[in-house]
Amino acid sequence: MTVDFSRLRALIVDDQMLVRTLVAQALRTMGFAPENLSQAVDGSFAKRTLEAKPIDIVLCDVQMEPMNGLDVLKDLRCGRTNNPPNLPFVFLSGHPEKSNIVIAAQLHADGFIIKPPKPADMEKTLRLALTRPRPDIDPFSYYKVATGTAFDRHVFGELVTQASLLLDEDDKPVQRLGLGAVKPGSRLARDLYNKTGQLLLQRGSEITKTQLRVLRQFPERFGVDDIEISCEPDSDRTPPSPTA
């Protein structure tokens, strides 16, 4: 299958300007249009970019603070951006550690490019990433993949736990809504399970647009007809971040 690089939009994420410059130069040589190349200096900026514009492939450094490349990929796969969760995603790394390779595989990464990047290696890796069958993304299955960072523990652990305790302590009213009536950003008042009893989301989690779409599109897989959400007034809540 041929790949028309001139039509594709790429996001380059690295905290070193030299690396971003080299990668962008190589992509332009491959045929990417300069106006289709976006750059981000860290994981947090990458997340904001993925929420703001459509992207076709991500090339991302692994070691960044406070949100590293694995965190960016997990956020994407969990449906917490405005781009498709199964977006092609390639890592840039000087010396990929075995533990990072294992986590990247669990998050369905599409490969590693060793820094400094060689144009021939980049083109081969990108062609493979863009032509391989995309994984059937289940945005609930990636929550349990721990990246080991403070960011991951805070976002996917501590915040959910704190929200769950608040729901219990405040004894706020709970509303059971049909799946079609639940809005993105609603906070779960009860743990959400699929039809086989597998935990999908913990109490206190905010459900995203992508997760709702998947539940509605695949009722035979998940068997979720309604969801219990907190009736906490919107004025008392911190507005949810943009989600996919």
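**Exercise 1. Are Phe 89 and Phe 91 buried or exposed, and how do their rings meet?**

Solution. The model is predicted.
Step 1: check the cover. Both Phe 89 and Phe 91 are buried.
Step 2: count the ring pairs. The structure has 5 aromatic pairs.
Step 3: look at one of them. The centres of Phe 89 and Phe 91 lie 5.1 Å from each other, with 65 degrees between the planes. Planes over 60 degrees apart count as edge-to-face, and that is the label for the pair of Phe 89 and Phe 91.
Step 4: widen the view. Phe 89, Phe 91 and Phe 112 are linked into a cluster by ring pairs.

**Exercise 2. Find which parts of the chain the pair Phe 140 and Phe 222 ties together**.

Solution.
Step 1: classify the pair. The ring centres of Phe 140 and Phe 222 are 5.6 Å apart and the planes are at 65 degrees, so the pair is edge-to-face.
Step 2: locate the residues. Phe 140 lies in the loop between α5 (119–131) and α6 (150–170). Phe 222 lies in helix α8 (residues 219–222). The pair therefore ties together parts that are 82 residues apart in sequence.
Step 3: check the cover. The cut-off for buried is under 20% relative accessible area. Phe 140 is at 5%, so Phe 140 is buried. Phe 222 is at 1%, so Phe 222 is buried.

**Exercise 3. Place strand β3 among its neighbours**.

Solution.
Step 1: take β1 (residues 10–13). β1 and β3 run parallel, joined by 4 bridges. Ile 12 has Leu 59 as its bridge partner in β3.
Step 2: take β4 (residues 89–93). β3 and β4 also run parallel, with 4 bridges between them. Here Leu 59 has Val 90 as its bridge partner.
Step 3: follow the chain. From β3 it passes through helix α3 (residues 69–77) to β4, in a right-handed β-α-β crossover.
Step 4: inspect both faces of β3. Ile 57, Leu 59 and Asp 61 are buried on one side. Val 58 and Cys 60 are buried on the other.

**Exercise 4. Why does Cys 60 form no disulfide with Cys 78?**

Solution.
Step 1: recall the bond. A disulfide covalently joins the sulfur atoms of two cysteines.
Step 2: compare distances. The cut-off is 2.5 Å. The cysteine sulfur closest to that of Cys 60 belongs to Cys 78, and it is 15 Å away, so it is too far for a bond.
Step 3: check the total. The structure holds 0 disulfides.
Step 4: compare the cover. Cys 60 is at 0% relative accessibility, so it counts as buried. Cys 231, at 30%, counts as partly exposed.

**Exercise 5. Which rings have the charged end of Lys 74 and Arg 221 over them?**

Solution.
Step 1: the charged end of Lys 74 sits over the ring of Phe 156, 4.2 Å from the centre.
Step 2: Arg 221 lies over the face of Phe 218, 4.9 Å from the ring centre.

Conventions:
Residues are numbered from 1 along each chain as its sequence is written. This is a predicted model: local features need pLDDT of at least 70, side-chain atom pairs count only at pLDDT 80 or more; totals for chains, interfaces and linings use all residues. Side-chain values use heavy atoms; hydrogens and water are left out. Buried means under 20% relative accessible area, exposed over 50%, partly exposed in between (1.4 Å probe, protein chains only). Helices (H or I, at least four residues) and strands (E, at least two) are DSSP runs, numbered from the N terminus. Two strands pair if DSSP finds at least two bridges between them. A crossover is right-handed if, with the strands pointing away from the viewer, the path from the first strand over the helix to the second runs clockwise. Rings of Phe, Tyr and Trp (its six-membered ring) pair if their centres lie within 6.5 Å; planes under 30 degrees apart count as stacked, over 60 as edge-to-face and the rest as tilted. A charge sits over a ring if NZ of Lys or CZ of Arg is within 6 Å of the ring centre and within 35 degrees of the ring normal.
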